[in-house]
Amino acid sequence: MSVYTTARTKPRRLRAPRPRWVVFAVLLTLFASILLVNGLVEGEFTQDGAIESTSQTDQVPEEALTGGPIIQTDGTTTTTVSAGAKQIVLTFDDGPDPEYTPEILDVLEEYGVPATFFMIGSEISKYPDLVRRVVAEGNEVGVHTFTHPEMSSKNEWRRSVEMQETQYALAGAAGVTSVIFRPPYSSTVAALDDSNWAVMEEMGESGYLTVVNDLDSRDWEAGVTNEDIVEAVTPSDGEGAILLFHDGGGDRSHTASALRTVIPALLEQGYTFTTVAALTGMETVNPAATTQEKVVGTSLVTAVRIARDTTIWFSGLLLLFGVLTVGRLALMLILGRRHARRHRAGASVWGRPYSEPVTVIVPAYNEKECIADTVRSLAASTHPIRIIVVDDGSTDGTAEIAESLGYADVTVIWQPNSGKPAALNTGIAAANTEVVVMMDGDTVFEPDTVRRLVQAFADPEVGAVAGNAKVANRKGLIALWQHIEYVVGFSIDRRAYDVMRCMATVPGAIGAFRRTALQQVDGLSDDTLAEDTDLTIALIRAGWRVVYEEHARAWTEAPTTMSQLWRQRYRWSYGTMQAMWKHRGALLESGAGGRFGRRGLLNLLLFQTLMPLLSPLIDVFLIYGFLFLDPKQTAIAWLTMLTIQMASTVYAFRLDDERLKPILMVPLQQFVYRQLMYLVLIQSVLAALGGIRLGWQKLHRAGGLGALLGGRQ
C-alpha cells in the first residue's frame with residue numbers, strides 16, 4: 001500500500017563551514033611552545049661537583065693553574081685575584097630557590113654580611129622577586145648559565161645563548177646585568193683542564209670574570225651534616241678564601257643552619273666578609289641594564305611565568321580529569337553490573353508480558369542497498385507488528401523496492417524530502433498502536449528484537465526503551481573500532497544511565513516509544529541534528545522513564561572509510577551539543593528533568609565535550625612528559641590508563657557476550673581513532689558557534705546486512 005503526503009517545511013540546508021583549522025593549529029602550537037619553554041626552564045640538572053677534571057692542561061696558562069679563583073683572560077693575557085688574608089667571599093650556586101634562598105638571606109641579614117649568588121637564568125625567570133631581594137640587600141649576582149649544562153660539551157652558539165638568556169632574565173627580574181660568571185660543575189683552579197679553560201677563555205673574551213672557589217662546603221652531598229660543612233669551609237692558617245655553598249638545585253636544608261655556625265665562628269677568628277667587586281677593585285659587578293635589555297628581559301620573565309603557571313594549571317587539571325575519569329568508570333561498571341544482574345536473559349522485570357501489536361516506523365532516504373533486508377527482518381518478527389516505511393524523497397527507488405516485497409503488513413508512505421524528523425512524525429501520525437518502534441532504513445532486527453524491546457511498556461511509567469545497536473560489518477580497522485565503541489557505549493554506559501535514570505539518547509537505529517509520550521512532547525523536532533537525543537531528553541523532562549533493553553538487538557552497517565565516519569560523527573557530535581544547549585534549563589528543574597540535568601547533561605558536558613576537547617593538549621603533554629619529565633613515570637601513567645581502559649572493555653564485551661579478540665585493537669585505537677573523534681568534536685564546536693544547520697548527511701552503504709545477520713543468528 002502506498003500513501004502520498006505533503007511536505008512539511010523543508011529545513012534550510014547550508015554547507016558546513018570549513019573549520020578554522022588554522023586557529024586550532026595556532027592554539028595547539030602555542031600550547032606546545034608554552035610546554036617547551038617550561039620544559040627548558042624546569043629541566044633537571046646534575047648536582048655540582050659531578051664533573052671531574054682531566055689531566056690535560058697544555059692549553060691552560062700557568063698563571064691560571066697557580067693563581068687565584070677570580071680569573072680574567074682575553075685569550076692572550078691572564079691575571080687572577082685571590083682573597084686576602086682573613087677575607088672571605090661567600091658564594092651560592094644554583095638558585096634562586098623559593099625555600100632556601102630566603103632562609104640564607106635572613107642569615108646574611110642577621111649577621112650583616114654580603115654574598116655573591118651565581119644564579120641560573122631559568123630560576124631567575126621563575127622567581128624574579130627573590131632576585132630583586134638579593135640585589136636590594138646589597139648582594140652580588142653572577143651568571144651560572146640558563147639551564148646549567150656542562151658548558152665545555154656544548155657548541156659556541158649554545159654557550160652564547162645560555163649566557164645571553166641569563167643576562168636577559170637578570171635584566172627583566174632586577175634591572176641589572178652581571179660581569180661575573182661561574183661555570184656549572186666547576187671547582188677550584190686545581191681542577192682546570194683544557195676543556196673548561198676553553199670555556200673560560202671564551203667568556204673572558206666576552207668581558208666576563210670567571211669565579212671559581214677555594215673551598216667547597218659539600219652541601220650538595222647526600223648525608224652531609226652541619227659539622228661536615230663547617231669543617232669543609234674553614235680556611236687554614238688564616239688564609240682568605242672564596243667559599244662555595246648552594247641555595248638551590250636540590251636539598252639545601254643544611255646550608256642556612258650551617259651558616260649560623262660558620263659565620264660567627266669565622267668572625268670570631270677575625271675574618272671579614274667581602275665581595276668579588278671589592279676584591280677586584282670594581283665599583284660593581286652588576287651594572288644597570290639597558291632599556292632594551294630590560295624590555296627583552298621582562299618579556300622573557302613574563303613568558304616563563306606564563307609557561308610555568310600554564311603547565312602547573314594543566315597538570316592539576318589533567319590529574320583532576322584523570323581522577324574523575326577513573327571514578328566515573330568505576331561507577332559505570334558498578335551500575336552496569338547491577339543492571340545486568342537485574343535483566344538476566346529470560347528474567348521478567350516488568351511484570352506481565354506486553355503482547356499488544358506495535359507499529360515499526362522506518363524512515364528511508366536513498367536506502368536501496370539496505371531497505372529490502374530491513375523490511376524482511378521485520379516481517380520475521382515474533383511480535384505482532386505493522387510496518388510503515390516513510391520514503392523521504394528518495395531518488396534511488398527505495399520506496400519501489402519496499403513495495404515490491406509484497407508484505408501485507410507493510411505500508412509505504414511517499415513524501416517530498418523534508419528531513420528525518422519529518423519522516424518519523426509522518427509515520428507516528430499514521431500509526432494506530434499505543435507503542436511505536438523507530439529504526440533506521442539501514443538497520444536489521446533479529447526476530448525477537450521487537451518482542452524484547454517492548455516488554456518494558458508493561459510499566460506505565462516507561463515512555464521509551466533504548467535497544468542494543470550492534471555493528472554488523474566488522475571487517476577493517478575503522479568498522480572494528482566502531483564495534484568496540486558500540487559495545488562499551490551500550491553494554492556499560494547505557495546500563496548505568498538506565499539505573500541512574502538519565503538516559504540521554506534512545507538511538508535512532510533501535511528505539512520504542514509510547515505514543516502518549518510522543519504526543520505530550522509534540523513528536524520529533526528538527527531544532528537539532530540529533531533528533532533522537534533531543535526527543536529522549538524531552539521525554540525525560542516530561543516525566544517519563546527511559547530504560548535500556550540489552551537483549552533487543554539491531555544490526556547496522558557502520559561507516560568503513562574515514563570520510564564517511566567523519567560525516568556521521570560530525571552530525572552526531574554537533575547535534576548532541578545543540579540538544580544540550582536546547583535543554584540547558586533542565587539543570588535548574590526539579591523532579592525527573594532536574595535529575596537528568598544534573599546527571600545526564602553534566603555528564604555530556606564534562607565527559608563528552610570538555611574532556612575530549614582537551615585531548616589534543618593531553619597528547620602534547622604526553623610528549624612533553626617523555627621529553628622533559630621522567631620518561632619511565634610518564635610511560636607507566638599512560639600504560640596504567642590504557643590497562644584500565646582495556647580491563648573495562650573486556651568487562652563490557654563479557655556483559656554483551658562478545659568475542660574478546662577485537663580488544664587487541666584498543667591500543668592502536670588510541671593513536672588513530674581517538675584523534676579523529678576529537679578533531680570531529682572540534683569542528684562540531686566551531687559549527688555550533690556559527691549556528692550552522694545541516695541535512696541528513698547521507699552515508700554510502702554497501703548493503704547485504706541480511707546475509708551478515710544470518711551468519712550471526
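1. In this predicted model, helix α16, which covers residues 477-500, and helix α22, which covers residues 631-655, have axes that come within 9 Å and cross at roughly 80 degrees. Since angles of 65 to 115 degrees count as roughly perpendicular, the two helices α16 and α22 are therefore described as roughly perpendicular to each other.

2. The residues that meet where these two helices cross can be listed from either side: α16 contributes H483, I484, V487, V488, S491, I492 and R495, while α22 contributes S648, T649, Y651, A652, F653 and L655. Sorted by class, the contact of α16 with α22 has 8 nonpolar, 4 polar and 1 charged residues.

3. On the α16 side, the spacing of the listed residues may be read with the helix geometry in mind. An α-helix has 3.6 residues a turn, so residues three or four places apart point the same way.

4. The largest nonpolar core holds 95 residues, and the members that touch the most other members are V389, V437, V454 and F513. Helix α16 appears here again, as it supplies the largest share of this core, 11 residues.

5. Leaving aside residues up to four places away in sequence, V389 touches V362, A364, I371, V375, A402, V410, T411, V412 and I413. A second core, separate from this one, has 38 residues, among them I88, F117, A241 and A256.

6. Two of the contacts of V389, namely I371 and V375, are also among the buried residues of helix α12, together with A372, D373, T374, S377 and L378. Because 7 of the 9 residues of α12 (residues 371-379) are buried, this helix is largely enclosed by the rest of the structure.

How values were computed. Residues numbered from 1 in each chain as written. Predicted model: local features only at pLDDT ≥ 70, side-chain atom pairs only at ≥ 80, totals over all residues. Heavy atoms only, no water. Axes fitted to C-alpha atoms, helices over the stretch in contact; angles between N-to-C directions. Helix = DSSP H or I, 4+ residues; strand = E, 2+ residues; numbered from the N terminus. Parallel < 35°, antiparallel > 145°, perpendicular 65-115°, else oblique. Contact = heavy atoms within 4.5 Å. Nonpolar A, V, L, I, M, F, W, Y, C, P; charged D, E, K, R; others polar. Buried < 20%, exposed > 50% of the residue type's maximum accessible area, 1.4 Å probe, protein only. Core = buried A, V, L, I, M, F, W, Y, C linked by side-chain atoms within 4.5 Å.
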